[in-house]
Amino acid sequence: MEQKNFFNISKGNVLISGSYVYGDKDTFEDEAFSNELAKNLIKNGLKVITGYGLCVDPAVVSGAYDIAKAMAFNTSDCLESYSFPRVHNEE
């Protein structure tokens, strides 16, 4: 039976996900960091995968779209985005 190396599947992909409360004192810096991180990873030939966490991932997607447009990349070649369900508490 052929043995597969599953670590090669993710080679060249970077997962960026997370969340924070919007309005914290460092919100602007956190968004700028996430945005620039995505841009630099893509510039260096890596594909960004994101899960749409609160506040972090929209900045990642924005950075990926910006660099894809600037470098004339097909967005789907440098970004994969997966929606993550959110539960809203109704009180």
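What share of the contacts in the protein chain with a separation of 6 or more is accounted for by residues 24 or more positions apart? In this predicted model, such residues account for 74% of those contacts. The protein chain contains three helices and three strands, and when it is read along the sequence these elements follow the pattern β-α-β-α-α-β. Of the 91 residues in the protein chain, 30% are buried, while the accessible surface comes to about 6900 Å², with 55% of it belonging to carbon and sulfur atoms.

The strands are described before the helices. The three strands form an open sheet in the order β1-β2-β3, and their pairing is parallel. Because β1 (13–16) and β3 (79–81) stand at the edges, each with a single partner strand, one side of each is left without a neighbour in the sheet. From one strand to the next, the twist averages 20°. In general, the strands of a sheet pair through backbone hydrogen bonds, in either a parallel or an antiparallel manner. Here, β1 is joined by four bridges to β2, which covers residues 47–50, and the two run parallel; β2 and β3 also pair in the parallel sense, over three bridges. T50 of β2 can be followed across the sheet, since I16 stands opposite T50 and T50 in turn stands opposite S81 in β3. In a regular strand, side chains alternate between the two faces of the sheet. In β2, K47 and I49 point one way, whereas V48 and T50 point the other way, and all of these residues are buried.

The nonpolar interior was examined next. In soluble globular proteins, nonpolar side chains tend to be buried together. The largest nonpolar core of this model has 15 residues, and those with the most contacts inside it are I16, I42, V48, V56, V60 and L79. Both α1 (27–43) and α2 (56–70) supply at least two residues of this core, and the largest share, six residues, comes from α2. When neighbours within four places in sequence are left aside, I16 is in contact with L37, A38, L41, V48, I49, T50, G51, V56, D57 and V60. The residue that stands opposite I16 in β2, T50, is thus also listed among the contacts of I16.

Helix α2 was considered in further detail. At 1.5 Å a residue, its 15 residues should span 21 Å, and its end C-alpha atoms are 22 Å apart, which agrees. The buried residues in α2 are V56, D57, A59, V60, V61, G63, A64, I67 and A68. An α-helix has 3.6 residues a turn, so residues three or four places apart point the same way. D57 lies in helix α2 and, at 0% relative accessibility, counts as buried, the cut-off for burial being under 20%. Residues up to four places away in sequence not being counted, D57 touches I16, S17, G18, T50, G51 and Y52.

Two of the buried residues of α2, G63 and I67, are also touched from α1. K39, whose place is in helix α1, touches G63, D66 and I67, not counting residues up to four places away in sequence. With a relative accessible area of 18%, K39 is buried, since burial is defined as under 20%.

Two loop positions complete the description. G53 lies in the loop between β2 and α2 and is buried, with a relative accessible area of 11%. Although G53 and S17 are 36 residues apart along the chain, their C-alpha atoms are separated by 5.8 Å; S17 is also one of the residues touched by D57. On the other side of α2, the helix is followed by A72, which lies in the loop between α2 and α3 (75–78). Most residues other than glycine have a negative phi. In A72, a residue other than glycine, phi is positive, near 55°. In contrast to the buried G53, A72 counts as exposed at 68% relative accessibility, exposure being defined as over 50%.

Methods:
Residues are numbered from 1 along each chain as its sequence is written. This is a predicted model: local features need pLDDT of at least 70, side-chain atom pairs count only at pLDDT 80 or more; totals for chains, interfaces and linings use all residues. Side-chain values use heavy atoms; hydrogens and water are left out. A nonpolar core is a set of buried Ala, Val, Leu, Ile, Met, Phe, Trp, Tyr and Cys residues joined through side-chain atoms within 4.5 Å. Buried means under 20% relative accessible area, exposed over 50%, partly exposed in between (1.4 Å probe, protein chains only). Contact means heavy atoms within 4.5 Å. Two strands pair if DSSP finds at least two bridges between them. Axes are lines fitted to C-alpha atoms, for helices over the stretch in contact, and angles run from 0 to 180 degrees between N-to-C directions. The expected span of a helix is 1.5 Å times one less than its number of residues. Accessible areas come from the Shrake-Rupley method with a 1.4 Å probe; for residues, only the protein chains shown count as cover.
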